[in-house]
Amino acid sequence: MITILSIETATKNCSVSLSVTGEVIACKEIAEENFSHAEKLHVFIEELLKENNKTLKDLSAIAISQGPGSYTGLRIGVSSVKGLCYGLSIPLIALDTLEILARQIKVDQGYIVPMLDARRMEVFSVLFDKDYVRQGDIEAIVIDENSFSKHADSTLHLIGDGAMKCQEVLSGDNFVYYPEVTYPSAREMGEMAYQKYLKEDFVDVAYFEPFYLKDFVLIQKKK
């Protein structure tokens, strides 16, 4: 019985799930503007294990959403799971944040376009086909009316907090929006993590770093 703890902290959503043989049996999450990840993450882990009669020693592996996303959120999540994996001597599984988000919807045609807000009119994004196969490289894109013009003949399913701010700019008939899908969630990580576990597709606990995509820049307030 493969028991995996999955953690998603790449956005404002602090999300933790527990899965057994790929099936998510429980999830705790909260999305707050002030990023309460540091306060909530370990509380959620403890509560989730206790409520499902599990302990840390029952875990086969831990999965983490690797980014892109919030610098602070990613650092908190990755630091926590690296410490747990090292202490428990269990594998660490890294999952693509945008794929986690993409798997919240199912489509029959066109492309799924998960978008994470990267300030102003910039988003972290990439296209996935209906089978969740990534099409190209993840990019930081500044959205304008010509964005995705080469896919004008395809239906584009836009999801995520970055998609909502694009509605006035990307208003063609081929754009479909899902306002109910805002943040990636650990609910989608169970099966993804299980498949990687079966393939022994693990990352090095000591050297693994989040995928920030953009360099972190500290902006100091003017006096």
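What is the volume of the second largest pocket? In this predicted model, the second largest pocket has a volume of about 270 Å³. Two elements each give two or more residues to its lining: strand 7 (122-128) and strand 8 (134-142). Strand 8 gives the most, with 5 residues. The lining includes S125, V126 and L127, as well as Q135, G136, D137, E139 and I141. S147, F148, K150 and H151 also line the pocket. By class, 4 of the lining residues are nonpolar, 5 are polar and 3 are charged. Such spaces can be found by calculation. Rolling a probe the size of a water molecule over the atoms shows where empty space is left.

Strand 1 was examined next. Strand 1 (residues 3-8) is largely enclosed by the rest of the structure, because 6 of its 6 residues are buried. Both of its faces are covered. T3, L5 and I7 are buried on one side, and I4, S6 and E8 are buried on the other.

Strand 1 pairs with strand 2 and with strand 4. Strand 2 (residues 13-20) runs antiparallel to strand 1, and 6 bridges join the two. A hairpin of 4 residues links them. Within this pairing, I7 has V16 as its bridge partner. Strand 4 (residues 61-65) pairs with strand 1 in the parallel sense, over 4 bridges. Here L5 is partnered by I62.

Two residues show these surroundings in detail. T3 lies in strand 1. Its relative accessibility is 2%, so T3 counts as buried; the cut-off is under 20%. Beyond its neighbours within four places in sequence, T3 is in contact with L18, S19 and V20. Other contacts of T3 are K54, D58, L59, S60 and A61.

S17 lies in strand 2. It is buried, with a relative accessible area of 0%. Not counting residues up to four places away in sequence, S17 touches I4, L5 and S6. S17 also touches V24, A26, C27, L48, A186 and R187. S17 and R119 are 102 residues apart in sequence, and their C-alpha atoms are 28 Å apart in space.

Helix 2 (residues 71-88) has 18 residues. At 1.5 Å a residue, helix 2 should span 26 Å. The C-alpha atoms at its ends are 26 Å apart, which agrees. The buried residues of helix 2 are G73, L74, G77, V78, S80, V81, K82, L84 and C85. A general rule helps in reading such a list. An α-helix has 3.6 residues a turn, so residues three or four places apart point the same way. The buried residues of helix 2 pack against strand 1, helix 1 (37-51), strand 4 and strand 5 (92-95).

The loops hold some backbone features of note. Most residues other than glycine have a negative phi, and most peptide bonds are trans. A cis peptide bond joins G67 and P68, with omega about 5°. P68 is found in the loop between strand 4 and helix 2.

T21 is not a glycine, yet has a positive phi of about 50°. T21 lies in the loop between strand 2 and strand 3 (23-31). With 39% relative accessibility, T21 counts as partly exposed. S89 is not a glycine either, and its phi is positive, about 55°. S89 lies in the loop between helix 2 and strand 5. Its relative accessible area is 69%, so S89 is exposed.

Definitions and conventions: Residues numbered from 1 in each chain as written. Predicted model: local features only at pLDDT ≥ 70, side-chain atom pairs only at ≥ 80, totals over all residues. Heavy atoms only, no water. 1 Å grid on protein atoms, 1.4 Å probe; cavity = no way out; pocket = protein on both sides within 12 Å on 5 of 7 lines; lining within 4 Å. Points joined across faces, edges and corners; volume = space filled by probe spheres on them. Nonpolar A, V, L, I, M, F, W, Y, C, P; charged D, E, K, R; others polar. Buried < 20%, exposed > 50% of the residue type's maximum accessible area, 1.4 Å probe, protein only. Pairing = 2+ DSSP bridges. Expected span 1.5 Å × (residues − 1). Contact = heavy atoms within 4.5 Å.
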